[in-house]
Amino acid sequence: MRSFDKSTRLDPALVPLWVGLWGFLGLFVLYPLVRLIYIVFTTDGGASLINLIKVLTSWYNRKAFFNSLALAAAVATTGTFIGFLFAFAVTRIPLPRPVKWFLGAVVVLPFVSPPFTSSIALTMVLGPNGLLLKLLHAPDFNIYGFLGTWIAETLTYFPVAFLTLTAVLKAIDPNLEDAAMSMGNTPWGTFRTVTLPLSIPGLANAFLLLFGSSLADFATPLVMAGHTFPVLTTQAYLQITGMYDIQGGATISFILLVPALLVYLLQHYWVEQRSYITITGKAGAPSVVKGGGFFAETLMLTIISVITLFIIFLYSIIFLGSLMKVWGVDNSFTLENYVYVFTVGWKAVKDTVLIAVISTFIGSAIGVTTGYLINRKDLPWRKTLEFTSLLNYVLPGTVIGIAYAVAFNSGPIVLTGTMSIIVALCVSRYDATGIRATIASLQQIDPSIEEASLSLGASRFTTFFRVTLPLIMPAVITGMRYLFVVSMTAVSATIFLVSVRWSLLTIRILECITELLFAQAAAFSVVLVLIVFIAIGAIAVLFHIIYPNYYRQLRRP
């Protein structure tokens, strides 16, 4: 059972951190939400339920509501399952190191590209007259609706589950699995009774993150859902941008709060009732990590191979499209699309990278601090802080964008048109992965390790940076990677905050798509993906430099 350092409740060193975190969340989470609620529940300056009644009495909106729930549940379930398969393969199956690196690189391809990029690629290969249908001589079928949206969102968001579950599986001591095997347990029995139960924090967190991602996504349904499969996010977006009805759009999205918060509360209650400590500080002999048996490994690798090849095929289409003048019309080779990116679109490239870098460093510091204080310190309102830190993530992006635009467009704080408002949105909205990954990793570390360091005379500062931080490094790297990627690819919320002074790559890509400039959109996407991969490598090198012995110590034979 987890213990807390009760003496730190009034520790003066923690007061500035605690006040600072609450100040940040109060300004960039609670304040915009209050302004949003005020818009939803007021009419002509007075309290009213008219906006909510209009939305709930519309059969089309009710259909969109249930469609949103069904889609989110399907994406969260399949995405978590696929993410776990990939994470288990790279951490438990004895594959060659280049193969593991290749799988990891391919998995994040959909994740590091804008949400609608996979939708466009899917349309090119499986839509009317799609390339894959032509190659297989298959008849046309309707990819739009639930099927296309489900496939596109699953491909886009399952890397979130992969990154989260990889960190959790790496933190599980393989000696526990070897002990089960030495007692006569089968590989499947060991997986079912040891590995899987200890992975529950990561599985629950991954499901929550994917469910929230699907609920908040409007870019993919905007391209793939069509009129036959409406969801609330697209309804809200079209209500705002098409009919200029901010109250109506905000009210439609506001309804999504109920299922999103319910899933979070169920997940939180489920995980908190169990103990998942696997790192105790006790020495153990090195062990060989086992998989789940020959048949299970073969089946798992077959599924992974099929998904990997399909991802490579889809994104090869994006690359080929960036080298053609007009996809499907004039397929002649050209580099003009990349010239367009580095001339006309150069400002968007610079602005996006700068915003992503600043958001990553600020968000990582806030995420680790928040996760550590929530899990390790018995401070007042600890659970409330955790709940508040996830609010912006579970809210649909359109709602957050509208709330920020309303809250910071006029006094007392005016940030509209500045870089600060975009950075604040990225940090407050996308820091959830870093916080949850930190908490999940800390749940596996026995506090007695830190207590031993303190008893030997080390300060809390030294203990954190020399003991705790190295042990949760996979979670830190996961949070940094995720925050940088989503800061580069965000569109649903930031689309309401861009201005002439600050431009984003995703907005430029969306503009190209709406103007039917698919070749230029593909070139922008390729450049964005390359930037993200370079940044991911730079983050790994950075931590190798800071903690040169860390990965060597954790490497298991």
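These legends walk you through three close-up views of a predicted model.

**View 1. Three nonpolar residues form a patch on the surface.** Look for Val357, Phe361 and Leu542, which together make a nonpolar surface patch of about 240 Å². To find Val357, follow helix α18, which covers residues 346–376. Val357 has a relative accessible area of 34%, so it counts as partly exposed.

**View 2. Asp351 and Lys347 are joined by a salt bridge.** Stay in helix α18, where both of these residues lie. Their side chains meet with 3.0 Å from N to O. Asp351 and Lys347 are 4 residues apart, about one turn of the helix. Is Asp351 buried or exposed? Asp351 counts as buried because its relative accessibility is 7%, and the cut-off for buried is under 20%. Its partner Lys347 is partly exposed, with a relative accessible area of 37%.

**View 3. Arg508 and Glu511 meet in a salt bridge.** Now move to helix α26, residues 505–514, which holds both Arg508 and Glu511. What is the distance from N to O in this salt bridge? Between the side chains of Arg508 and Glu511 it is 3.3 Å. The two residues sit 3 residues apart in helix α26, about one turn of the helix. Arg508 has a relative accessibility of 15%, so Arg508 counts as buried. Glu511, with a relative accessible area of 36%, is partly exposed. With the pair in View 2 also in mind, you can check the count for the model: it comes to 2 salt bridges.

Note on methods. Residues are numbered from 1 along each chain as its sequence is written. This is a predicted model: local features need pLDDT of at least 70, side-chain atom pairs count only at pLDDT 80 or more; totals for chains, interfaces and linings use all residues. Side-chain values use heavy atoms; hydrogens and water are left out. Patches are made of residues with over 30% relative accessible area and no salt bridge: like charges are joined within 9 Å, nonpolar side chains (Val, Leu, Ile, Met, Phe, Trp, Tyr) within 5 Å. Accessible areas come from the Shrake-Rupley method with a 1.4 Å probe; for residues, only the protein chains shown count as cover. A salt bridge is a side-chain nitrogen of Lys or Arg within 4 Å of a carboxyl oxygen of Asp or Glu. Buried means under 20% relative accessible area, exposed over 50%, partly exposed in between (1.4 Å probe, protein chains only).
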